[in-house]
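Work through these short exercises on charged side-chain pairs. Try each task before reading its solution.

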Amino acid sequence: MPAAQNAERAARKHPRPQTTVREPSEISCCLKYVIFGTNVLFWIFGLCILTIGIWAWSEKDTFNNLGRLTNIALDPAFVLILVGTLTFIIGFTGCVGALRENTCLLLGYAIILALLLLAEMTVGILGFVFKDWIKAQATGGFQAFIVHYREDPDQQNLIDWIQEDWLQCCGIEGPKDWDRNNYFNCSSREVGSREACGVPFSCCRRRPNEIIKNKQCGYDVRKPGYLSQGSQHIQSPSDWQIFERGCLRAGEEWMEANLIRVAITGMTVGICQVLGICFAQHLRSDIWAQKAKWH
């Protein structure tokens with residue numbers, strides 16, 4: 001009896017903890033961390049693009065000379081800053097909103113994706129409806145690139161990439177368009193420009209087994225009577241040396257040849273955005289359901 005009483009007294013002093021059944025959470029951990037992980041990558045990617053754009057502007061001392069920006073929409077560094085900022089905001093709202101289960105940030109994330117998707121669809125539809133207007137805008141932009149070719153290193157690198165690597169073209173309609181640039185205009189020969197009646201090196205075709213690109217390959221190629229091969233005289237650029245096709249026609253041909261790929265890419269991006277909106281809204285509804293259980 002004393003032993004039983006002692007055991008009863010000990011049980012009263014140190015009662016066993018009651019085991020409670022934990023109710024399952026309404027918030028899907030899988031969905032939460034899918035949104036979080038995906039947007040962490042967007043956040044980092046946007047930060048990298050934004051950093052590159054700011055660095056490019058600082059290298060050109062643009063921040064101290066903002067008045068020199070004649071057409072900011074055609075500045076590659078500004079485009080990088082704009083894209084990087086938008087990507088950074090999308091990644092931030094999605095990442096922090098999912099991690100902290102913040103319904104306001106998730107709502108902002110869904111709204112930004114929806115507006116971006118709407119803008120992309122609008123641009124795509126208008127691009128097919130107003131082809132001539134798009135062509136005129138592209139021509140105007142390319143003309144600005146040609147005029148300011150030697151003034152902005154970013155625009156220079158961009159047009160060199162377009163002509164040499166992407167479309168393999170020269171000028172807008174052809175090599176003669178480089179007369180718009182003061183350095184390549186044939187009249188610049190009178191002021192001692194070595195590039196007069198020439199084209200940039202990016203207009204030149206690569207020769208077989210060429211390892212290092214000749215930066216002076218475009219000199220004098222538009223000069224009447226230019227000696228190209230041995231004793232052969234030509235009055236216009238020859239096929240073997242520079243591209244005769246204009247970038248406008250080359251861009252149209254590229255679009256026609258890659259229309260299916262462009263459409264598939266656009267649809268894939270659109271589907272990913274729709275999934276992002278649906279996931280964010282689903283997570284918001286889970287958070288509200290969980291809060292309702294607490295109250």
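**Exercise 1.** Determine whether Arg222 is buried or exposed, then find its salt-bridge partner.

Solution.
- Step 1: Arg222 has a relative accessible area of 13%. That makes Arg222 buried (under 20%; exposed is over 50%, partly exposed in between; 1.4 Å probe, protein chains only).
- Step 2: The partner is Asp179, with the closest N and O atoms 3.2 Å apart. A salt bridge needs a side-chain nitrogen of Lys or Arg within 4 Å of a carboxyl oxygen of Asp or Glu.
- Step 3: Both residues lie in the loop between H6 and S1, 43 residues apart.
- Step 4: Asp179 is partly exposed, at 31%.

This is a predicted model: local features need pLDDT of at least 70, side-chain atom pairs count only at pLDDT 80 or more, and totals for chains, interfaces and linings use all residues. Residues are numbered from 1 along each chain as its sequence is written, and side-chain values use heavy atoms, leaving out hydrogens and water.

**Exercise 2.** Place the Arg206 and Glu164 pair in the chain.

Solution.
- Step 1: Their side chains form a salt bridge at 3.3 Å, N to O.
- Step 2: Glu164 sits in helix H6 (153–166), while Arg206 is in the loop between H6 and strand S1 (226–229). Helices (H or I, at least four residues) and strands (E, at least two) are DSSP runs, numbered from the N terminus.
- Step 3: Glu164 is buried at 13%. Arg206 is partly exposed at 48%.

**Exercise 3.** Find the partner of Glu253.

Solution.
- Step 1: Arg245 pairs with Glu253, closest N and O atoms 2.6 Å apart.
- Step 2: Glu253 is partly exposed at 32%. Arg245 is partly exposed at 25%.
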